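This briefing goes through one chain and its two bound ligands. Please keep the sequence and the coordinates open while reading.

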Amino acid sequence: MPKGLVIVDKERCKGCGLCIEACPFGVLDFSSEYNASGYRVVHMAHPEKCTGCAVCANVCPDVALEIYREESSVRGAA
Ligand code: SF4
Ligand code: SF4
């Protein structure tokens, strides 16, 4: 299972929540943090569930999300 990392550009995020709705794995949620424009920004509430599928980045109207994906080489216990 690939593992993903989402980097949020906090100053670009407008807190619309589209990425939260779009993520098939429930990774994203609003954080307790507000940006300089007064919007509550998203963060990875459950980073361990992220596969790096980039669905969230594709729906973000403000291009606030950057995705990194790492293919796992672990296939089972050695
Ligand atoms: S990359 Fe995919 S799994 Fe990770 S937060 Fe975005 S939509 Fe969810
Ligand atoms: S879709 Fe983009 S602008 Fe909207 S909450 Fe997510 S990161 Fe922020």
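Ser31 is partly exposed, because 16 other C-beta atoms lie within 10 Å, whereas a buried residue needs 20 or more. The residue belongs to strand β2. The model is predicted, and the points below are grouped by topic.

**Ser31 and its surroundings**
- Leaving aside residues up to four places away in sequence, Ser31 touches Val41, Val42 and His43.
- Ser31 and Glu66 are separated by 35 residues in sequence, and their C-alpha atoms are 17 Å apart.

**Overall layout**
- The chain contains two helices and four strands.
- Read from the N terminus, the order of these elements is β-α-β-β-α-β.
- Along the principal axes, the C-alpha atoms of the chain occupy a box of roughly 50 × 20 × 20 Å.
- Of the 78 residues in the chain, 19% are buried.
- Among contacts in the chain with a separation of 6 or more, 65% are between residues 24 or more positions apart.

**The β2-β3 hairpin**
- Strand β2 covers residues 28-34 and runs antiparallel to β3, with four bridges joining the two.
- One of the bridge partnerships links Leu28 to Met44 in β3.
- Five residues lie between the strands of this hairpin, and Gly38 takes a positive phi near 90° there.

**Nonpolar core**
- The largest nonpolar core consists of 14 residues, and those with the most contacts inside it are Val8, Cys19, Leu28, Val42, Cys56 and Leu65.
- At least two residues of this core come from β1 (3-8), and at least two come from β3 (40-44).
- Which residues does Cys19 touch, not counting residues up to four places away in sequence? They are Leu28, Val42, Cys56, Val59, Cys60 and Leu65.
- Leu28 thus appears both in this list of Cys19 contacts and as the bridge partner of Met44.

**Ligand 1**
- Ligand 1 is surrounded by 14 residues, of which Cys23, Val27, Cys50, Cys53 and Cys56 are the closest.
- β1 and α2 (55-59) each contribute at least two residues to the shell around ligand 1.
- The shell around ligand 1 is made up of 11 nonpolar and three polar residues, with no charged residues.
- Cys56, one of the closest residues to ligand 1, is also among the core residues with the most contacts.

**Ligand 2**
- Ligand 2 also has 14 residues around it, and the closest are Cys13, Cys16, Cys19, Cys60 and Ala64.
- By class, 10 nonpolar, two polar and two charged residues form the shell around ligand 2.
- Cys19 and Cys60, both listed among the closest residues to ligand 2, touch one another.

**Positive phi outside glycine**
- Most residues other than glycine have a negative phi.
- Ala54 has a positive phi near 75° and sits in the loop between β3 and α2.
- Ala54 counts as partly exposed because it has 15 C-beta neighbours inside 10 Å.
- Val63 has a positive phi near 50° and lies in the loop between α2 and β4 (65-70).
- Is Val63 buried or exposed? Val63 is exposed, because 9 other C-beta atoms lie within 10 Å and the limit for an exposed residue is 12 or fewer.

Conventions: Residues numbered from 1 in each chain as written. Chains lettered and ligands numbered in written order. Predicted model: local features only at pLDDT ≥ 70, side-chain atom pairs only at ≥ 80, totals over all residues. Core = buried A, V, L, I, M, F, W, Y, C linked by C-beta atoms within 7 Å. Contact = placed C-beta atoms within 7 Å. Pairing = 2+ DSSP bridges. Near = placed C-beta within 6 Å. Nonpolar A, V, L, I, M, F, W, Y, C, P; charged D, E, K, R; others polar.
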